[in-house]
Amino acid sequence: MEKNPDQVMAALTQVMDPEIPRVSIVDLGMVERISVVPDAIVITLIPTYMGCPATRLIAERAQMQVKQALQLPLDMVRVEWSTDVAWTTDRVTETGRRHLKEFGIAPPPATGNTLLTPDVPVSCPLCGATTTTMENLFGATACRSLYYCRQCKNPFEVMKPT
């Protein structure tokens, strides 16, 4: 089987973020580069948040998915983490934003230069209202903030823009 970056990318669309299992690492914009060389496939990923505890698990899942999809020995698939490129929320695809919302997490603002402060309006992913308030800068993970919707009375998380 001829191996090419498109096949690798197709396999990576099946690797979900362990903390947001509705969103793939491709839709989160974590895939920086795919290199196909004679003796290996090297996948370079960007962590969504420095110090994210899920990076090891994401790398293992990416390696296994590509190995299985392309029927390769495990040692032919390598995953590296980039320290040269910073991930921003601008990398999240429209599909990724939709899946975040379906999962109950408000997508980050459209531009990564926006700071998430209590006065920034955020649409509730459950009812769409903008009558929301920041309850806590920190949510269940360091990359999300906790908000409350005054219309539907539900708490929800917002992915922090970076």
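Which residues line the largest cavity? The tour below returns to that point after a view of the whole chain; the model to be displayed is a predicted one.

**The whole protein**

Begin with the full chain in a cartoon view. The protein contains three helices and nine strands. Followed from the N terminus, its elements run α-β-β-β-β-α-β-α-β-β-β-β. Along the principal axes, the C-alpha atoms fill a box of roughly 55 × 25 × 25 Å. Of the 162 residues in the protein, 41% are buried. Among contacts with a separation of 6 or more, 52% are between residues 24 or more positions apart.

**The largest cavity**

Next, select Asp-17, Glu-19, Ile-20, Thr-48, Cys-52, Cys-143, Arg-144 and Met-159, which line the largest cavity. The space inside this cavity amounts to about 40 Å³. Its lining divides into four nonpolar residues, one polar and three charged.

**The second largest cavity**

The count of cavities of 30 Å³ or more comes to two, and the other one may be displayed now. Select Thr-48, Tyr-49, Trp-87, Cys-143, Met-159, Lys-160 and Thr-162 to show the lining of the second largest cavity. Thr-48, Cys-143 and Met-159 appear in the lining of the largest cavity and also in that of the second largest. The volume of the second largest cavity is about 40 Å³. Its lining residues are four nonpolar, two polar and one charged.

**The largest nonpolar core**

Hide the cavity residues and turn to the nonpolar interior. The largest nonpolar core has 29 residues, of which Val-8, Leu-12, Ile-25, Ile-41, Ile-43 and Val-66 touch the most other members. To see where the core draws its residues from, colour α1 (5-12), β2, β3, β4 (40-45) and α2 (55-70), the elements that give two or more residues to it. Helix α2 gives the most, with four residues.

Which residues does Val-8 touch, not counting those up to four places away in sequence? Select Val-8 together with Ile-34, Ile-41, Ile-43, Val-66 and Leu-70, which are the residues it touches. Another core, of nine residues, lies apart from the largest one; Val-122, Cys-124, Met-134 and Tyr-147 are among its members.

**Gln-65 on helix α2**

Return to helix α2 and select Gln-65, which lies in it. Is Gln-65 buried or partly exposed? Gln-65 counts as partly exposed because its relative accessible area is 22%, whereas buried means under 20%. Leaving aside neighbours within four places in sequence, Gln-65 is in contact with Ala-11, Gln-14 and Val-15. For a distance to display, draw a line from Gln-65 to Leu-28: the two are 37 residues apart in sequence, and their C-alpha atoms are 17 Å apart in space.

**The salt bridges**

The final selections concern charged side chains. Side chains of opposite charge can pair when their charged atoms come close. The structure holds five salt bridges, and three are visited here.

Select Glu-102 and Arg-22 first. These residues form a salt bridge in which the closest N and O atoms are 2.6 Å apart. The pair links distant parts of the chain, with Glu-102 in helix α3 (residues 94-103) and Arg-22 in strand β2 (residues 20-24), 80 residues apart. Glu-102 is partly exposed at a relative accessible area of 44%, and Arg-22 is partly exposed at 39%.

Keep Glu-102 selected and add Arg-98. A salt bridge joins Arg-98 to Glu-102, with 3.7 Å between the closest N and O atoms. Both residues lie in helix α3, four residues apart, which is about one turn of the helix. Arg-98 has a relative accessibility of 45% and counts as partly exposed. Through shared partners, salt bridges join Arg-22, Arg-98 and Glu-102 into one network.

Finally, select Arg-91 and Glu-32. Their salt bridge has its closest N and O atoms 3.2 Å apart. This pair also links distant parts of the chain: Arg-91 is in the loop between β5 (77-81) and α3, Glu-32 is in strand β3 (residues 31-37), and 59 residues separate them. Arg-91 counts as partly exposed at 26% relative accessibility, as does Glu-32 at 27%.

Conventions: Residues are numbered from 1 along each chain as its sequence is written. This is a predicted model: local features need pLDDT of at least 70, side-chain atom pairs count only at pLDDT 80 or more; totals for chains, interfaces and linings use all residues. Side-chain values use heavy atoms; hydrogens and water are left out. A salt bridge is a side-chain nitrogen of Lys or Arg within 4 Å of a carboxyl oxygen of Asp or Glu. Buried means under 20% relative accessible area, exposed over 50%, partly exposed in between (1.4 Å probe, protein chains only). A nonpolar core is a set of buried Ala, Val, Leu, Ile, Met, Phe, Trp, Tyr and Cys residues joined through side-chain atoms within 4.5 Å. Contact means heavy atoms within 4.5 Å. On a 1 Å grid over the protein atoms alone, a cavity is a set of points where a 1.4 Å probe fits but cannot get out, and a pocket is an open set with protein on both sides within 12 Å along at least five of seven lines; lining residues have an atom within 4 Å of a point. Grid points are joined across faces, edges and corners, and a volume is the space filled by probe spheres set on the points. Ala, Val, Leu, Ile, Met, Phe, Trp, Tyr, Cys and Pro count as nonpolar, Asp, Glu, Lys and Arg as charged, and the others, Gly among them, as polar.
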